[in-house]
Amino acid sequence: MRIGRNPVRWHIVLLTLWTALWFVVAERHAAVSWHYLRTGEQLLFGLQSGGGLALYANHPELQIGPVSFLVAGLFAPFPLAVGEKLADAFMSGLGLYMLVLIGRAAADYNRGTGLNHKRLQQRILIAGAAFIPMWVEVSVRFAHLDDVLALFFTTLAVRALVRGNATAVGVFLALAVDSKPWAVGFLPLLLAVPRPARLRSAAWAFGLVAVAWLPFYLSHLDTLAAARFTIPNQPDSALRWFGVHDPATPPWDRPAQMALGVTLGALAVRRNRWPAVVFLAADARIMLDPSVYTYYNASVLLGTLLWDSIGQRRLVPWVSWIALITLYGSALVIPSDSTRGLIRLAFCIGSAAYVLLWPQRTPRGRRGRRSQRGGGEGGPGGGGDAESRPVGGAVR
């Protein structure tokens, strides 16, 4: 079946219907946090006093990047209720587009390895069915545009990485951090860029992060207080199992989250498992976060989707479904706070150990390229000369 010249991708049709179903379910209690975006957007553009470059100094509770406020401004001309609905639909649509991007990235990354595209579509369908409920949770129920944009731009960075566009990798990762600061954990993807273009990619990333954030810090030194903003340490957080019983966020916690995520991501690239970078950063976030909001799981499910689609060749993407059942299912059916925290901790440690240490079989197409280039585990492209060879396509 075709629409015009384009064949119908039935797995995308089914995922669209699945998204619509979850959208209808979540819309009854939607946009829980949209008022933060509206307030921040008005403050940024000076529509409320105490905003502008003083936004974060006066409102440290707005742990949201300036890019998110700029995008939220697109919905400001509409009445509040209409703007919320449009934003919900927009964010839901981004989730579907991300599934398309990941499918294309997986196809490009595995080109020449004998990949069966029908099986890949089935894998995207099954993993996407696990991803969508958590995506709707973050995009519709909570309306966290900042988290949505951070994950969307990171997906674009992955797509650019596979295509060999080093500049775009840096730009998209910067936009992710400029949308939500915790996206710093995804920066190890820069290490997967081949060495000749890595410095350029990193320069774009750090340069655009500086352009977005430095004006706030240089004009109002009190902006530093935003980094020390605390939230309650909830009884079912995994932190409790580390013996952390502080009533609010410990001062070391946020730096530890970012450091652990970056370290694990760098180790994944080192071990030629760069598709696990997002997964590992999300693990570090939920393991050390004092809060346990269900929308946090969206970053984990994006990580498992990338791993199951690009990092694995199995037909059944069981990692995605284990993540959904373990993290979301336990929050719904297990009454004990302590038990839920233990399950979250066990999942994070177990999944990180799996993606980093479990033996991986190299597809035959990459085995041939590696032997021609002198062996070795190499970098992200799977060849021995990966330092000078892109993940997929020519370096640009």
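Biologist: What makes W10, V13, L14 and L17 a nonpolar surface patch?

Modeller: This is a predicted model, by the way. A patch takes residues with over 30% relative accessible area and no salt bridge, and it joins nonpolar side chains within 5 Å. W10, V13, L14 and L17 make such a patch, of about 390 Å². Take L14, which sits in helix α1, residues 10-27: its relative accessibility is 44%, so it clears the 30% bar.

Biologist: Why is L14 called partly exposed?

Modeller: Exposed needs over 50% and buried needs under 20%, with partly exposed in between. L14 has 44%, so partly exposed is the label.

Biologist: And T19, buried or exposed?

Modeller: T19 is in helix α1 too. Its relative accessibility is 4%, which is why it counts as buried, the limit being under 20%.

Biologist: Which residues is T19 in contact with, leaving aside its neighbours within four places in sequence?

Modeller: S92, L96, I132 and V136. Contact here means heavy atoms within 4.5 Å.

Biologist: Zooming out, how many helices and strands does the chain have?

Modeller: There are 15 helices and two strands. The chain has 396 residues, and 54% of them count as buried. It exposes about 17,000 Å², with carbon and sulfur atoms supplying 65% of that. Among contacts with a separation of 6 or more, 73% come from residues 24 or more positions apart.

Biologist: How much space lies in the largest pocket?

Modeller: About 1,200 Å³. The pocket is lined by 46 residues, and the closest to its centre are Q63, K180, P181, F229 and R254.

Biologist: What makes a residue part of the lining, and which helix gives the most?

Modeller: A lining residue has an atom within 4 Å of a pocket point. Helix α10 gives the most, with five residues. At least two residues each come from α2 (34-44), α9 (195-219), α10 (253-270) and α11 (277-288).

Biologist: Now the backbone. What stands out about the phi of A143?

Modeller: A143 has a positive phi of about 55°, and it is not a glycine. Most residues other than glycine have a negative phi. A143 is in the loop between α6 (117-141) and α7 (145-163). With 0% relative accessibility, A143 counts as buried.

Biologist: Where does N272 lie, and why is it called buried?

Modeller: N272 lies in the loop between α10 and α11. Its relative accessible area is 17%, so it is buried, given the limit of under 20%. N272 also has a positive phi, about 60°, without being a glycine.

Biologist: How do you know that E137 and R141 form a salt bridge?

Modeller: The test is a side-chain nitrogen of Lys or Arg within 4 Å of a carboxyl oxygen of Asp or Glu. For E137 and R141 the closest N and O atoms are 2.5 Å apart, so the pair passes the 4 Å test. Both are in helix α6, four residues apart, about one turn of the helix. E137 is buried, with a relative accessible area of 6%, while R141 counts as partly exposed at 32% relative accessibility.

Biologist: What about D146 and K180: which parts does that pair tie together?

Modeller: Their side chains meet in a salt bridge at 2.8 Å, N to O. D146 lies in helix α7 and K180 in the loop between α8 (166-179) and α9, so the pair ties together parts that are 34 residues apart in sequence. D146 is buried, with a relative accessible area of 0%, and K180 is buried with 9%.

Biologist: Which residues are linked with D146 in a network of salt bridges?

Modeller: D147, K180 and R285 are linked with D146 in that network. K180 is also one of the residues closest to the centre of the largest pocket.

Biologist: And why does the pair of R340 and D236 count as a salt bridge?

Modeller: The side chains meet at 3.3 Å, N to O, so they fall within the 4 Å limit. R340 lies in helix α14 (residues 337-357) and D236 in the loop between α9 and α10, so the pair ties together parts that are 104 residues apart in sequence. R340 and D236 are both buried.

Biologist: How many salt bridges does the structure hold?

Modeller: It holds 10 salt bridges.

Methods. Residues numbered from 1 in each chain as written. Predicted model: local features only at pLDDT ≥ 70, side-chain atom pairs only at ≥ 80, totals over all residues. Heavy atoms only, no water. Buried < 20%, exposed > 50% of the residue type's maximum accessible area, 1.4 Å probe, protein only. Areas by Shrake-Rupley, 256 points an atom, 1.4 Å probe, with all protein chains shown as cover. Patch = residues over 30% accessible without salt bridge, like charges linked within 9 Å, V, L, I, M, F, W, Y side chains within 5 Å. 1 Å grid on protein atoms, 1.4 Å probe; cavity = no way out; pocket = protein on both sides within 12 Å on 5 of 7 lines; lining within 4 Å. Points joined across faces, edges and corners; volume = space filled by probe spheres on them.
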